[in-house]
Amino acid sequence: MKILFLDIDGVCNSRRFAEAGNSLWNNTDPAAVALVQRIIKETKCDVVLSSTWRMYPDSRAAVKAQVCHYIDVTKDLQGGEKRGIVDRGVEVQEWLDRHPAVEQYAIIDDDSDFLPNQWLFKTSFNEGLTPEIAAAVIHHLNAKDNIVLTNSR
């Protein structure tokens with residue numbers, strides 16, 4: 001099983017998208033969405049929503065309507081939107097620990113609060129997901145010699 005942990009703000013929308021006159025509230029950039037859909041199609045991965053959008057029913061519905069179907073969300077180990085108390089990487093690791101069938105995964109996020117050795121493909125809030133980052137994720141998820149690296153705490 002291949003998994004893509006997906007953030008939304010800074011991945012599927014961006015400052016560039018907002019400056020073009022678009023709202024970021026429950027809204028995504030079609031160009032970035034096309035790149036996410038390309039990753040899914042070319043790697044046959046499943047998506048787990050790791051974005052703070054997972055905490056709001058309207059936002060989860062927007063992801064399903066605008067971006068893609070996702071099979072699950074990471075647990076909110078922080079009790080809300082407060083970042084910095086628990087790294088997002090801990091939430092990803094907790095999900096991976098409960099799903100030992102995962103053979104390969106990638107994380108696309110514009111934040112850096114992940115654990116060492118996690119497969120983070122970092123975007124920027126200014127630009128969001130780029131074709132170069134999408135290509136790197138596709139290569140990573142389709143590589144036969146990658147080993148899932150996990151950290152035990």
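Begin by selecting Tyr 105, a residue that is buried, with a relative accessible area of 0%. The model on display is a predicted one, and every value quoted on this tour was computed from it.

**First stop: the aromatic cluster**

Keep Tyr 105 in view and add Phe 5 and Trp 95 to the selection; ring pairs link Phe 5, Trp 95 and Tyr 105 into a cluster. How many aromatic pairs does a search of the whole structure find? The search finds two. In one of them, the ring centres of Phe 5 and Trp 95 are 5.5 Å apart and the ring planes stand at 85°, so the pair is edge-to-face. Phe 5 belongs to strand β1 and Trp 95 to helix α4, so that distant parts of the chain, 90 residues apart, are linked by this pair. Phe 5 has a relative accessibility of 0% and therefore counts as buried. Trp 95, at 1% relative accessibility, likewise counts as buried.

Turn next to Phe 5 and Tyr 105. These two residues also form an edge-to-face aromatic pair, with 6.0 Å from centre to centre and 80° between the planes. Because Phe 5 lies in strand β1 and Tyr 105 in strand β4, the pair ties together parts that are 100 residues apart in sequence.

**Second stop: strand β1 and its partners**

Select residues 2-6, which make up β1. Is this strand largely enclosed or open? Four of the five residues of β1 are buried, so the strand is largely enclosed by the rest of the structure. Now display β4 (104-109) beside it. β1 and β4 run parallel and are joined by five bridges. For a specific position, pick Leu 6, whose bridge partner in β4 is Ile 108.

Add β2 (46-49) to the display. β1 and β2 pair over four bridges, again in the parallel sense. Leu 6 serves as a marker here too, since Leu 49 in β2 stands opposite Leu 6.

**Third stop: helix α4**

Select residues 88-98, the span of helix α4. Nine of the eleven residues in this helix are buried, so α4 is largely enclosed by the rest of the structure. Which residues of α4 are the buried ones? They are Arg 88, Gly 89, Val 90, Glu 91, Val 92, Gln 93, Glu 94, Trp 95 and Leu 96. Against which strands do the buried residues of α4 pack? They pack against β1, β2, β3 (72-73) and β4. Trp 95, already visited in the aromatic cluster, is one of these buried residues.

**Fourth stop: the charged network at Arg 88**

Centre the view on Arg 88, which is buried, with a relative accessible area of 3%. Side chains of opposite charge can pair when their charged atoms come close. A search of the whole structure finds nine salt bridges. Asp 7, Arg 88, Asp 109 and Asp 111 are linked in a network of such bridges, and the three aspartates can be taken in turn.

Show Asp 7 first. Arg 88 forms a salt bridge with Asp 7, in which the closest N and O atoms are 3.2 Å apart. Asp 7 is in the loop between β1 and α1 (15-19) while Arg 88 is in helix α4, so the pair ties together parts that are 81 residues apart in sequence. Asp 7 counts as buried, at 3% relative accessibility.

Show Asp 109 next. The side chains of Asp 109 and Arg 88 meet in a salt bridge, at 2.8 Å from N to O. With Asp 109 in strand β4 and Arg 88 in helix α4, the pair ties together parts that are 21 residues apart in sequence. Asp 109 and Arg 88 are both buried.

Then show Asp 111. The side chain of Asp 111 meets that of Arg 88 in a salt bridge, at 3.6 Å from N to O. This pair links distant parts of the chain, 23 residues apart: Asp 111 in the loop between β4 and β5 (120-122), and Arg 88 in helix α4. Asp 111 is partly exposed, with a relative accessible area of 30%.

**Last stop: a charge over a ring**

Finally, select Lys 64 and Tyr 70. Lys 64 lies over the face of Tyr 70, 4.9 Å from the ring centre.

How values were computed: Residues are numbered from 1 along each chain as its sequence is written. This is a predicted model: local features need pLDDT of at least 70, side-chain atom pairs count only at pLDDT 80 or more; totals for chains, interfaces and linings use all residues. Side-chain values use heavy atoms; hydrogens and water are left out. Buried means under 20% relative accessible area, exposed over 50%, partly exposed in between (1.4 Å probe, protein chains only). Helices (H or I, at least four residues) and strands (E, at least two) are DSSP runs, numbered from the N terminus. Contact means heavy atoms within 4.5 Å. Rings of Phe, Tyr and Trp (its six-membered ring) pair if their centres lie within 6.5 Å; planes under 30 degrees apart count as stacked, over 60 as edge-to-face and the rest as tilted. A charge sits over a ring if NZ of Lys or CZ of Arg is within 6 Å of the ring centre and within 35 degrees of the ring normal. Two strands pair if DSSP finds at least two bridges between them. A salt bridge is a side-chain nitrogen of Lys or Arg within 4 Å of a carboxyl oxygen of Asp or Glu.
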